[in-house]
Amino acid sequence: AAALLRELKSQSRVEAGGILPPYSEAALQKIVREINWLWAKNNAIIEQNAGVDIGDETKISLYTNHTAIHRNKRSGLVYLNHRLMQIRDLLWGAGMVLTSEMKTNLSPPEESFIGEYQMLVTEYKRSSG
């Protein structure tokens with residue numbers, strides 16, 4: 001998760017001349033796998049200690065895993081939100097029309113976002129005169 005955010009910070013749309021850095025599907029999948037692993041690990045600890053007073057070490061382990069889950073979720077959401085804001089800025093800068101070169105590193109959900117965002121902007125412009 002931290003590596004994904006470092007990559008995001010180091011790459012900028014402006015530096016790339018209006019082209020987004022490649023969408024990092026593998027990194028996001030790795031974050032999801034780690035979240036699922038930590039969740040399963042916490043569930044196993046809880047099941048092993050059902051009905052028993054949990055010691056401080058176990059509580060700390062549960063808390064640490066739980067905190068890591070939330071950190072990973074935040075990191076993934078920050079990455080996705082940052083890309084969407086870059087796409088939005090790119091759209092406004094390009095007059096709501098992206099060239100095929102600008103679209104090269106987009107994921108399918110991001111392309112869908114562009115279409116929906118363009119429709120919303122068009123509807124707003126029509127309604128506001």
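How much accessible surface does the chain have, and what share of it belongs to carbon and sulfur atoms? In this predicted model, the accessible surface of the chain comes to about 8700 Å², and carbon and sulfur atoms contribute 58% of that area. Of the 129 residues, 26% count as buried. The charged side chains comprise 15 positive and 14 negative groups, and the centres of these two sets are 4 Å apart.

The secondary structure consists of four helices and zero strands, so that, with helices and strands taken as DSSP runs numbered from the N terminus, the order of elements reads α-α-α-α. The overall dimensions depart from those of a compact globule: for 129 residues such a globule would have a radius of gyration near 14 Å, whereas the chain has 20 Å. Along the principal axes, the C-alpha atoms occupy a box of roughly 65 × 35 × 20 Å. Among contacts with a sequence separation of 6 or more, 68% are made by residues 24 or more positions apart.

The interior contains separate nonpolar cores. The largest nonpolar core is built from eleven residues, namely Leu-20, Ile-87, Leu-90, Leu-91, Met-96, Leu-98, Met-102, Leu-106, Ile-114, Tyr-117 and Val-121. Two or more residues of this core are given by each of the elements α3 (56–93) and α4 (108–128). A second core, separate from this one, has nine residues, including Leu-8, Leu-28, Ile-35 and Tyr-79.

Met-96, a member of the largest core, is situated in the loop between α3 and α4. The backbone of Met-96 has a phi near 70 degrees, a positive value in a residue other than glycine. With a relative accessible area of 13%, Met-96 is buried, because this value falls under the 20% limit.

Two residues of helix α3 were examined individually. Ser-75 is placed in helix α3 and, at 7% relative accessibility, counts as buried. Beyond its neighbours within four places in sequence, Ser-75 is in contact with Ala-1 and Leu-5. By contrast, Ser-75 and Val-52 are 23 residues apart along the chain, and 34 Å separates their C-alpha atoms. His-70 also lies in helix α3. The relative accessibility of His-70 is 34%, and this residue therefore counts as partly exposed, since the value lies between the limits of 20% and 50%. From His-70 to Asn-105 the sequence separation is 35 residues, and the corresponding C-alpha to C-alpha distance is 28 Å.

At the end of the chain, Gly-129 belongs to the segment after α4. Is Gly-129 buried or exposed? The relative accessible area of Gly-129 is 89%, so this residue is exposed, the value being over 50%. Gly-129 and Glu-47 are 82 residues apart in sequence, and their C-alpha atoms lie 61 Å apart in space.

Note on methods. Residues numbered from 1 in each chain as written. Predicted model: local features only at pLDDT ≥ 70, side-chain atom pairs only at ≥ 80, totals over all residues. Heavy atoms only, no water. Core = buried A, V, L, I, M, F, W, Y, C linked by side-chain atoms within 4.5 Å. Buried < 20%, exposed > 50% of the residue type's maximum accessible area, 1.4 Å probe, protein only. Rg over C-alpha atoms; globule rule 2.2 N^0.38 Å. Contact = heavy atoms within 4.5 Å. Areas by Shrake-Rupley, 256 points an atom, 1.4 Å probe, with all protein chains shown as cover. Lys, Arg positive; Asp, Glu negative; His and termini not counted. Charge placed at Lys NZ, Arg CZ, Asp CG, Glu CD.
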